[in-house]
Amino acid sequence: SEPYTSARALALFEKYVDADDSTAIGPVGLENLCADANIPMEGAMPLILAWQLGAKEMGRFTKDEWVEGTSNLKISSLSSLLSALSDLNNLLIFSKSPVKSNPKIDPYDRTTYLSYAKDTKSAFHKLYLFCFNLAKPEQSRNIDMETSAALWSVILSPKYPIMQEVLEYIGEKDGVYKATNKDLWTMMLEFCETVDPNLQGYESEEAWPTLLDEFVAWKKARSP
Amino acid sequence: MASSSTSDAFISAPPRTADLEETWAFLTKGVDHIMNKLDTGMDFPSYTNLYTTVYNYCTSTKMHGKTDSNRTGANLVGADLYVKLQDYFVEHFKSMKEKTAGLQDEELLRYYATEWDRYTTGANFLNRLFTYLNRYWVKRERDEGKKNVYQVYTLALAQWKQHFFLPIQKEDTKLASALLRLIERQRNGEVIDQGLVKKVVFSFVSLGLDNNDPIKECLDVYKEHFETPFIDATEKYYKKESDTFLASNTVSEYLKKAEDRLREEDDRIERYLHTKTRKELISKCEDVLIREHSELMWESFQKLLDFDQDEDLQRMYALLSRIPEGLEPLRKRFEGHVKQAGLASISKLIGEGGNADTIDPKVYVDALLEVHKKNSETVTRSFKSEAGFAASLDKACREFVNRNTATGSSSTKSPELIAKHADMLLRKNNKMAEEEDLEGALNRVMVLFKYLEDKDVFQTFYTTKLSKRLIHGVSASDESEASMISKLKEACGFEYTNKLQRMFTDMSLSKDLTDSFKERMSQNHDDMDITFSVMVLGTNFWPLNPPPHEFVIPAEILTTYDRFQKYYQTKHSGRKLTWLWNYSKNELRTNYLNQKYILMTSSYQMAVLVLYNKNETMSLDEIFAATSIGKDILTQVLALLVKAKILINEESEQYDLNPGFKSKKIRVNLNLPIKAEVKQESNEVLKAVDEDRKYAIQATIVRIMKARKTMKNQALIQEVISQISHRFAPRIPDIKKAIETLLEKEYIERVDGSKDTFAYVA
């Protein structure tokens, strides 16, 4: 495909820019962009894109974010964008082995990718924390439970089977848990990392948020 | 020293230069006299002659051969005499031994004791006679390390032991066995000669000899020849006796028996044993009489409790308290017993299929107190108020006071009922007319209060009830109110009663305010035909909520209302008055009837009734429009008026004034509580408690974290529980929720890399 140029990157931005706001790509533009590039909307890739571009808001990229982000990754075509996102998706969400890189034929600049590949756990933590701040309204300390459940189902469920059960529990207790604060967000990842689907690794004496204590009690009651 | 007829044998003493043979020949007759015939006396000259002879011999320097050349200074002579004496004693015992061979038991002991008296008296005498020998030669020998050389008296004892006592004992411990048999006869109930036993036993003590310090008491002989076999015999005796006794008697009887036996053994020591034996004897008896049977006693304890066998309980307590591990099983059983009694008492109240919701607070409180009182008396009377039993009582009471059939799973029911009971006590028209009774009843409330876990629930109910008593003027006496508050303060501290005290302050300020307002109005206006009194209550101290709906202030009271508003603003500008119409009341004079009545009403009833000054019939909607009282409440207000026959409600939603109203009483009380209010009250109180607790837990966490900076999850939770449990028993999930809230508010944070540790965020 064609090599990176800033002009091509800018042209892409102009193609998907919001009809009412020339400074940013909005939700509609993003949807079109993903459709054209074959990026599935329901997976983690849109979040990875936001992360890579350092987006401040959900579903919106400013011109500055776009220009700086694409220039770092040397991306100016939809196909190179797709490979960059699916590389990270495979590496971090589906825990596949890193792709072999050859700077001469790589579709985009894989320097950042390779640094993530060295420590995928820490890279995943960065992505995970980014998602909380992205989804959190500026004035609020929390994100609502519906949004956080949606995010968990995309980011954590593929990696950690127990997450699916936690989501099932939250769904069953509809309305009991109203919001996710930063502590719960952080501890949810910690929980997924330390507790396996048979609840090995869970100690009730530890400082788990009550939602997780209650989930464990629910799960134990359910499967004797 | 006697004076009379000594024989003439001692008149002519040997010369100063007499040799050993001559000297001893003279002395031996004297010694013999002293040892065998002292009862016939010895006159002074004879004694002096004997004494001088010893002196002369010991000071004679002419004696050769027996003095050591390496000694300097005065040569000390005496060894020969000492040996002569030694030999004399050995010879002395010969006939005695022959005599004892034919004696048994008491006869033996009697002979031994008589001989002992005679012998020791003589030996004492000899000791003085040989003073010079003791003072110089013996002392010198001992100083030079010859520890087996003794003063004459001690020598006599040593010889007795060696040549008389031990040979008798060698024959099947003949002496000791005789003693033990005699003691056993006494244990069996026979009367024995205790003086004889004592004499023989104490001769054993005297025979003990510490070579290093012959003056010091030494119990070797006593222990070996008497104490050890005595303790063994005691063990066997009581083991057999207690087993046999228990085989055919009840535990209660055994307790008496054991008590008697222990007392007897204690007396025995006083009567004829050495006090050093006490510890071992008593501990052996405790072992055999108590420890060996402690299982059985523990098991019988419940029965004694069940049948209130006070004396037996006392005895069992006293006995088992003598062994270290004796009481703990009793304490445990007692705790279980009290708990069971408390639970059973409440279950009986509720009865089968009974309703815990309608239980009368007084009946409930009386039942709890009854169980407490009975068992508290048991602790005092039977267990001597021992701290461990008091703790068991407290533990059991805490259990059944907080959790029983009436409370179900609710931790707030008991505090509610007890607070309600306190309210009944403090109300006017309470049957406890006399102050003293009331004070006692309040003290009893405090007994239960001490056991409440959720003291905050009690506090909230109490505050609510107190506010009602005060605003409705139904408190029995200010003194009793103050007394109760000071009790609560004493139990829980200033903070606990702060609000309560503020309520009293408001009441007294309000009284002054009412008076000063009345005075001002009488100066400025002469149209006041309304008697007005007001209570101004601090919002934060009174658990009262303003009405949830609008209220159209009736024109009849509007002037007074406005005047008071203005008056208050001039006194306290900037303070906002919220009118609690839902708690206000009025008295109305009727003038539409032949008989004048005074209607005592709530302000809502008043607002409704004054409408009939201008109308004779009104619809519900019209009344609602004129008063703005919420319809749910309004219909109940009207229902009460209809029931009292002030209003007539013949057509639906149509209310007519009853022109034919009649009452036997001139003052008619219409101000009865509305049902919805009563029901709501408990729920509101509990909601308030829940809110308060949330903040209390959060505040406690912040306080702890501020002091400790960082803390582990578990430690923090434990600390919160310990700090807060004097007010209520916090649930762990509630504490965790509070931690989450504080994490969210960033008062605290998780320490990086340790999800179980929290840090205070300054």
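## Lys645(B), just past a helix

Let's start with a single residue in this predicted model. Lys645(B) counts as exposed because its relative accessibility is 56%, and the cut-off for that label is over 50%. You will find Lys645(B) in the loop between α25 and β4 of chain B. Its backbone is worth a look too: phi of Lys645(B) is near 65 degrees, a positive value in a residue other than glycine.

## The helix before the loop

Stepping back from Lys645(B), we come to helix α25 of chain B, which runs over residues 631-643. This helix has 13 residues and reaches 18 Å from its first C-alpha to its last, close to the 18 Å expected at 1.5 Å a residue.

Which residues of α25(B) are buried? They are Ile633(B), Leu634(B), Val637(B), Leu638(B), Leu640(B) and Leu641(B). These residues sit on the same side of α25(B), because they cover an arc of only 155 degrees around the axis. On the other side of the helix, Asp632(B) and Lys643(B) are exposed.

What covers the buried residues of α25(B)? The cover includes two helices, α23 (603-611) and α24 (620-627), along with the strands β4 (647-648) and β5 (654-657), each of them in chain B.

## A three-stranded sheet

Strands β4 and β5 also belong to an open sheet of three strands in chain B, with the order β3-β5-β4 and antiparallel pairing. At its edges stand β3 (617-619) and β4 of chain B, each with a single partner strand, so one side of each is left without a neighbour in the sheet.

Between β3(B) and β5(B), the antiparallel pairing extends over three bridges. If you would like a pair to look for on screen, try Met618(B), whose bridge partner in β5(B) is Tyr655(B). Helix α24(B) packs on this sheet, where it touches β3 and β5 of chain B. The direction of α24(B) makes about 85 degrees with that of β3(B). As noted above, α24(B) is also part of what covers the buried residues of α25(B).

## Asp105(B), another positive phi

One more residue deserves a visit. Asp105(B) has a positive phi of about 40 degrees although it is not a glycine. Where does Asp105(B) lie? Its place is in helix α4 of chain B, which spans residues 105-129.

Is Asp105(B) exposed, partly exposed or buried? Asp105(B) counts as partly exposed because its relative accessibility is 29%, and that label covers values between the 20% and 50% cut-offs.

Definitions and conventions:
Residues are numbered from 1 along each chain as its sequence is written. Chains are lettered from A and ligands numbered from 1 in the order in which they are written. This is a predicted model: local features need pLDDT of at least 70, side-chain atom pairs count only at pLDDT 80 or more; totals for chains, interfaces and linings use all residues. Side-chain values use heavy atoms; hydrogens and water are left out. Helices (H or I, at least four residues) and strands (E, at least two) are DSSP runs, numbered from the N terminus. The expected span of a helix is 1.5 Å times one less than its number of residues. Buried means under 20% relative accessible area, exposed over 50%, partly exposed in between (1.4 Å probe, protein chains only). The arc is that of the directions from the helix axis to the C-beta atoms. Contact means heavy atoms within 4.5 Å. Two strands pair if DSSP finds at least two bridges between them. Axes are lines fitted to C-alpha atoms, for helices over the stretch in contact, and angles run from 0 to 180 degrees between N-to-C directions.
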